[in-house]
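Work through the exercises below with the structure in view. Try each task before you read its solution.

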Amino acid sequence: MTGTHDDADFATTNGYLSSDSSFYGDAEDRAQLEEKASSFDPTTYWENHSHLLPVIAAAARANLESASSSSPNKPLYNPYEGSICGRQLNEPVEDFLKRIPPLTTAASSQYPWIFIANPHATSRPTDRDQTGFTKVAEELLEAFSHKKSEIESSMAGKAKGSVTRKLTPLRKALENDLLAAAKKKHCTSGKWMLFPYSEDVNRQWAIVAAATVNRELGTAAKVAPDEHKGDRAPRLICVYTKDFSDLEDVKRVLVRLVELGLVKKKGAGEERGIYYKADVFTELGINSDNEWGLKASLYASRDLLEARKK
C-alpha cells in the first residue's frame, strides 16, 4: 500500500540504508574515523575545553548527580551550576578565581556579574513569588505617590520642613508595608555591599569567595566585572543573606566581614562603613534619590556595630 511499510519491507535493503551503504563512507573513510575514535582521549578534551559553557554545563550536571547520591539527605546546592559566570560545585575556589578574576574580566552579556554560592546554604528560591510581590509593591507605591501629591498640594507655600514632617510617618508605613509584603511572598534575600577600588577588588573578592564556600558568610556573593572605569573606580561586591528580617544572621555576617578585614578598610566610602539593602528594594529601583523618599538601605554597619557594643 502506498505510503506504508510492512515487516517484509524493513527486512530488505530496498530503499533503506544497510551497513554496506556509502552513507558511512568508503573503507578508507571508515578506517580513518575508527582510528580517530580509538585515539580520542576525553580527559584531555575536557581539560583543554574547560572554559566552554557546554563543558561547564555537562560537568555541572554530573557533579550534581554525584553530590546528590553521596549526600542524599543534604545535597549540595548551587543556583549558578552550569553558568559560565558562576563557580561550579566541582571547581576549586582557586581555579574559579583564576578563571574569571573581576579585575580583568570584561563586563558582557556572558559576565554581567561573577557569582559564587554557599553550597551548604538551606535557602532555596522555589517559594519566591517575585511577580506577586511586584504587583503588591506597585500598588503600595502608587497609593503613596497619590497621597504625597495631595499633601503637597494642600500645603503649597508652607515650609518644606512642615511637608516633610507630614510625609515621614507615611513613608515609614510604606517601608513597613513593602517589607511585610516581601516576607509574605518569600522575597526576603538581602546583601551587605562592599565597594573596594578596582585595584584591590581581586584581593577582597578572593576573601569573600573563600569565606562564602566555607560557610563563614551568607548564602552567596557576587562581584561586578570590569567596566573599564579605571583602577580607582569602586567595584561592588554583594554578600547575601537569606532573610533581611533575621537581624542576628545579618549581624553575624557583618561581624565576620569585620574580622576578615573588609569593613572600614581603605576604599570608597571608608568613613561611612557599609550598608545592607533588601533585594526587593533593588528590584523596585529604590535608590538613594528615589521619588518616594524612602531610605534605600535597611541597616548601616556603624549602627549595628555600635549597638553590639552596648
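**Exercise 1: two packed helices**

Helices α9 and α11 are roughly perpendicular to each other. The model is predicted: local features need pLDDT of at least 70, side-chain atom pairs count only at pLDDT 80 or more, and totals for chains, interfaces and linings use all residues. Residues are numbered from 1 along each chain as its sequence is written, and side-chain values use heavy atoms, without hydrogens and water.

Task: Show why α9 and α11 count as roughly perpendicular.

Solution.
- Step 1. Two packed helices are described by the angle between their axes and the distance between the axes.
- Step 2. For α9 (residues 247-259) and α11 (residues 301-309), the angle is about 100° and the axes lie 11 Å apart.
- Step 3. Angles of 65 to 115 degrees count as roughly perpendicular, therefore this label fits α9 and α11.
- Step 4. List the contact (heavy atoms within 4.5 Å). From α9 come Leu247, Val250, Lys251, Leu254, Val255 and Val258; from α11 come Ser301, Leu304, Leu305 and Arg308.
- Step 5. Sort by class: seven nonpolar, one polar and two charged residues.

**Exercise 2: the core**

Task: Find which helix gives the most to the largest nonpolar core.

Solution.
- Step 1. A nonpolar core joins buried Ala, Val, Leu, Ile, Met, Phe, Trp, Tyr and Cys residues through side-chain atoms within 4.5 Å. Buried means under 20% relative accessible area.
- Step 2. The largest core has 60 residues; Trp205 is among those touching the most other members.
- Step 3. Helix α8 (residues 198-213) gives the most, with six residues.
- Step 4. Beyond four places away in sequence, Trp205 touches residues including Phe96, Ile114 and Val223.

Terms used. Buried < 20%, exposed > 50% of the residue type's maximum accessible area, 1.4 Å probe, protein only. Helix = DSSP H or I, 4+ residues; strand = E, 2+ residues; numbered from the N terminus. Axes fitted to C-alpha atoms, helices over the stretch in contact; angles between N-to-C directions. Parallel < 35°, antiparallel > 145°, perpendicular 65-115°, else oblique. Nonpolar A, V, L, I, M, F, W, Y, C, P; charged D, E, K, R; others polar.
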